[in-house]
Amino acid sequence: MFVHAHPDDETITTGGTLAALSEAGREPLVVTLTRGERGEVVDGPLAHLAGTDGLAPHRQAELSAALAMLGVERHAFLGVPPARAEGLQPTIYEDSGMEWLASGQAGPSADATVDALTVVPAVESLNDLFAAANEAGAGAIVSYDDGGGYGHPDHVHAHRIARAVAVALDLPFWEIVSDGAEADERAGADDSEAAEAYDVTPWLGRKVVALRAYATQLTVDGDEIVHVGGQRQAISSVEAFRLRPAG
C-alpha cells in the first residue's frame, strides 16, 4: 500500500516501482490523502483552474489517467471506502496548503481550512488509513520519510499515519528516499539505515507518460520535470526506499 499526499506524488517518487509491481501482478494499492485543492497551476491553458472549485476534479482526472498509464488498478481517496472507517459517512480531506520557508523547505500554511488534512483530528485520518490497509490485506506500507520529503505538512502527516498503521498491523514500513545521492550514501550504512535502490528503466517510459498526465502541475522537458514554480527535477530511473524499524 502506497500512501501519498496529493495527485502526482505517486508518479514522481514511485511511478516506476508501481508500474513494475503492477506488471508483476502484485496489485499495489495507492491511497491518496487529498485532491490537491491548494496546488498552484502551470501557466497556460489550464491556469484558470488555480484557486477554483474546478481544480480538484481536474486533478482527480489527471490521477486516474496517470494510474492507468502505470497499470495501477487499485486506488482510493482517504475518507472514501475502502479508505473510510466503518460506520462513518464519506468525507473529503482537503489539501492543507504550504508556504516556502527560508530554509528552502516547505512549512504549514497560515490559512488551512477546517477540513484540511492536518486540521481535522488526526485520529480520523489514522482510522481511515487503518481501515484501508486492513481491508486490502496490505503486506507492506510505503510513504515519505519523517520530514515529508521536502516538508509539506500533508507529506509529514502521511508519514505519521502510515507508519502508525504499519506498527499497528505489524507490517514493514518503507520510506521513500527521494535523493539518489543519499540513497547511495545510506546503502553503505548499517542495516537499520540502508536504502534499497531499484533500477526502473524498463518502466521509465510508462512513468514519463504518466507524468505528462499532470498538465496542471508540471511539464516534462526531456529527461526533467519542470514544476509549477519553475524548479527542475530529473526524472529518475532509480527509485530508492529504506526499511524503518517498527518502533
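**Note on the strands and helices**

1. V3 stands opposite V31 in β2. V3 is counted from 1 along its chain as the sequence is written. This is a predicted model: local features need pLDDT of at least 70, side-chain atom pairs count only at pLDDT 80 or more, and totals for chains, interfaces and linings use all residues, while side-chain values use heavy atoms, without hydrogens and water.

2. Strand β1 covers residues 2-4 and pairs with β2 in the parallel sense over three bridges. Two strands pair if DSSP finds at least two bridges between them. Strands (E, at least two residues) and helices (H or I, at least four) are DSSP runs, numbered from the N terminus.

3. β2 also pairs with strand β3 (residues 74-77), in the parallel sense, over four bridges. Here the bridge partner of V31 is A76.

4. Which residues cover the two faces of strand β2? L29 and V31 lie on one side, V30 and T32 on the other, and all are buried (under 20% relative accessible area, 1.4 Å probe, protein chains only).

5. Helix α1 (residues 9-23) joins β1 and β2 in a right-handed β-α-β unit. Helix α2 (residues 55-70) does likewise with β2 and β3, also right-handed. Right-handed means a clockwise path from the first strand over the helix to the second, with the strands pointing away from the viewer.

6. Helices α3 (residues 122-136) and α4 (residues 153-168) pack at about 50°, axes 9 Å apart. That makes α3 oblique to α4 (neither under 35 degrees, nor over 145, nor 65 to 115). Residues in α3, including L126 and F130, meet residues in α4, including I161 and V165 (heavy atoms within 4.5 Å).

Key: Buried < 20%, exposed > 50% of the residue type's maximum accessible area, 1.4 Å probe, protein only. Axes fitted to C-alpha atoms, helices over the stretch in contact; angles between N-to-C directions.
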